[in-house]
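Here are my notes on the model you sent over. I went through the ligand site, the open pockets and the enclosed spaces, plus a couple of single residues.

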Amino acid sequence: MAPVNIEQLRSRFRGEIILPGDGTYDSARKVYNGMIDKRPAVIARCVDVADVMAAVDYGRENHMLTAIRGGGHNGGGLGVCDDGLVIDLSRMKGVRVDPAARTVQVAGGCVWGEVDHATHAFGMATPTGIISTTGVAGLTLGGGIGQLARSCGLTIDNLLSADLVLADGSFVTASEKENPDLFWAVRGGGGNFGVVTSFTFRLHPVKTVFAGPTFWALDETEKVMKAYREFILKAPENINGFFAFLTIPPAPMFPAELHLKKVCGIVWCCRGPADAAEKATKPMRSVGTPILDGVGELPFPVVQSLFDALYPPGLQWYWRADFVNELSDKAIALHAEHGAALPTMHSTMHLYPIDGQAHRVGKNDTAFSYRDANWSEVIVGVDPDPANKDKITKWCKDYFDALHPYSAGGAYVNFMMEEGQERVQASFRDNYARLATVKKKYDPSNFFRVNQNIQPA
Ligand SMILES: Cc1cc2nc3c(=O)[nH]c(=O)nc-3n(C[C@H](O)[C@H](O)[C@H](O)COP(=O)(O)OP(=O)(O)OC[C@H]3O[C@@H](n4cnc5c(N)ncnc54)[C@H](O)[C@@H]3O)c2cc1C
């Protein structure tokens with residue numbers, strides 16, 4: 001589609017407008033998942049809130065399909081669209097820590113590594129995801145699951161306010177005091193309600209953490225998983241560790257004899273004194289015969305970027321996810337079977353614990369419904385080579401199909417591809433109707449629909 005009325009946008013825009021044929025067009029339309037290949041008509045790379053307002057007005061007045069891009073990490077490629085407008089926030093940076101108030105204000109285009117860097121200098125952190133290049137905006141709006149979930153809650157549980165440009169181009173702040181219905185909805189409801197230009201989060205004291213992996217050979221999977229399901233739900237809340245199937249990468253930090261070995265493991269990240277965390281995790285780290293126990297005290301931002309080198313932008317990714325209440329013996333047997341069949345070195349399955357502080361918030365207190373689930377499961381088929389697309393997709397779907405009957409029903413919206421309305425509704429459960437009402441108030445024409453879409457009531 002040829003860009004329409006582009007002079008209308010230009011006259012109000014200070015950032016960069018990128019069109020098909022421009023030298024930077026191909027790099028600007030690329031997102032993190034190399035499987036996504038979409039060709040927007042216009043990319044509006046905003047530098048300030050005024051630019052975002054201009055872009056929203058331009059998209060609405062010209063009836064353009066409009067996507068919002070934060071970090072560009074979304075698995076289904078929901079930060080870009082074909083033939084429409086992309087409102088790209090990647091140049092809207094800036095992180096301001098208020099050490100006395102223990103808060104941090106973050107511009108809408110930041111990625112988590114930028115936040116961790118800024119807050120670490122003050123010995124503080126807010127809960128984020130496990131890779132430093134993920135966008136603050138998309139991750140937060142879907143919920144935010146990471147290594148501090150058990151001790152500090154989800155990312156949204158630490159969101160104090162958000163500034164948004166709404167579909168009519170107006171600017172609002174959402175917090176407990178201002179537009180509380182909107183504040184409820186953006187905490188889990190995704191990018192359905194407006195373009196978030198700034199977030200303010202609560203900070204917690206976190207400087208170094210007791211972290212690293214414990215790995216076991218695959219023939220110990222069932223023993224390890226059975227011990228893990230008991231251990232983690234009873235562990236003190238400062239103890240966090242997600243269960244994973246993975247292939248040990250051929251990196252110097254791992255002994256050469258373990259390179260490319262498929263394993264099961266727990267990736268730890270515990271707050272509080274290292275010696276206490278060492279003691280508290282010891283019973284789990286002593287199950288069976290670990291082939292590697294690489295734990296120690298590390299600066300939090302180091303832990304948050306441990307996976308970055310393994311997962312650079314541009315790999316092929318296929319995602320499937322579910323929430324999980326319990327890990328039955330049967331489910332564990334199926335995990336052992338499918339986990340042992342990891343199709344490529346980068347493919348993996350993670351089970352993130354979401355109990356502890358994340359359970360302290362009621363299921364209707366924010367849009368994030370699955371407050372009773374104990375884990376968020378994600379299965380990702382990943383490989384650099386597009387020729388392996390079918391192989392990683394098949395493994396991922398087969399694994400998901402086998403385990404889905406043992407799940408809680410819905411999935412974390414940020415771990416889903418484009419999977420249709422039924423799946424979106426299953427993920428919001430009884431919060432969906434209220435979300436649809438808020439959507440009708442703030443975006444009645446469903447202008448913001450390149451997302452896990454909530455349709456206006
Ligand atoms: C390697 C990798 C690791 C990950 N690890 C974690 C993890 O540990 N924990 C976790 O919770 N999630 C994790 N995720 C999932 C991640 O939360 C989602 O992919 C999320 O959508 C990424 O946000 P983004 O801003 O980078 O994405 P984008 O692709 O830019 O956007 C994703 C969605 O958010 C919306 N959006 C983006 N910016 C804005 C904005 N400013 N205002 C309104 N809407 C906006 C878009 O409309 C789109 O629907 C991971 C993803 C990847 C690829």
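## Notes on the ligand site, pockets and cavities

1. Let's start with the ligand's backbone contacts. A backbone N or O atom of H73 sits 3.0 Å from an oxygen atom of the ligand. Bear in mind that this is a predicted model. G71 places a polar backbone atom 2.9 Å from a ligand oxygen, and for I130 the corresponding backbone distance to an oxygen atom of the ligand is 2.8 Å.

2. How much of the ligand's accessible area does the protein cover? On its own the ligand has 950 Å² of accessible area, and the protein covers 98% of that.

3. Now the shell. Around the ligand there are 33 residues, with G70, G72, I130, I145 and Y412 the closest. Strand 3 (66–69), helix 5 (136–142), strand 10 (195–202) and strand 17 (316–324) are the elements that contribute two or more residues to this shell. Helix 5 has the largest share, at four residues. By class, the shell splits into 17 nonpolar, 15 polar and one charged.

4. Y412 deserves its own point. Besides being among the residues closest to the ligand, Y412 belongs to the loop between helix 12 (389–403) and helix 13 (421–428). Is Y412 buried or exposed? Its relative accessible area is 3%, so Y412 is buried. Between Y412 and F428 there are 9.0 Å in space, C-alpha to C-alpha, and the two are 16 residues apart in sequence.

5. On to the enclosed spaces. Searching the whole structure turns up four cavities of 30 Å³ or more. The second largest cavity holds about 50 Å³ of space. Both Y412 and F428 help line that cavity, alongside G142, G188, F323, F368, S369, Y370, A411, V413 and S427. Its lining counts seven nonpolar and four polar residues, with no charged ones.

6. Next, the open pockets. The largest pocket comes in at a volume of about 460 Å³. Its lining takes in 28 residues, and P249, M253, F254, L306 and F307 are the ones nearest the centre. Which strands each supply at least two residues of this lining? They are strand 12 (208–217), strand 13 (241–247), strand 16 (296–299) and strand 18 (348–353). Strand 12 gives the most, with four residues. The lining as a whole divides into 19 nonpolar, eight polar and one charged.

7. The second largest pocket contains about 280 Å³ of space. It is lined by 16 residues, and K30, Y32, R69, G71 and P313 are the closest to its centre. G71 may ring a bell, as its backbone came up in the ligand contacts. By class, the lining of the second largest pocket has five nonpolar, seven polar and four charged residues.

8. One last residue: R229, in helix 8 (residues 221–234). Why does R229 count as buried? The cut-off for buried is under 20% relative accessible area, and R229 counts as buried because its relative accessibility is 19%. The side chain of R229 also has a partner, making a polar contact of 2.9 Å with the side chain of D329.

How values were computed:
Residues numbered from 1 in each chain as written. Predicted model: local features only at pLDDT ≥ 70, side-chain atom pairs only at ≥ 80, totals over all residues. Heavy atoms only, no water. 1 Å grid on protein atoms, 1.4 Å probe; cavity = no way out; pocket = protein on both sides within 12 Å on 5 of 7 lines; lining within 4 Å. Points joined across faces, edges and corners; volume = space filled by probe spheres on them. Nonpolar A, V, L, I, M, F, W, Y, C, P; charged D, E, K, R; others polar. Near = heavy atom within 4 Å. Polar contact = N/O pair within 3.5 Å; in protein donor to acceptor, adjacent residues only side chain to side chain. Areas by Shrake-Rupley, 256 points an atom, 1.4 Å probe, with all protein chains shown as cover. Buried < 20%, exposed > 50% of the residue type's maximum accessible area, 1.4 Å probe, protein only.
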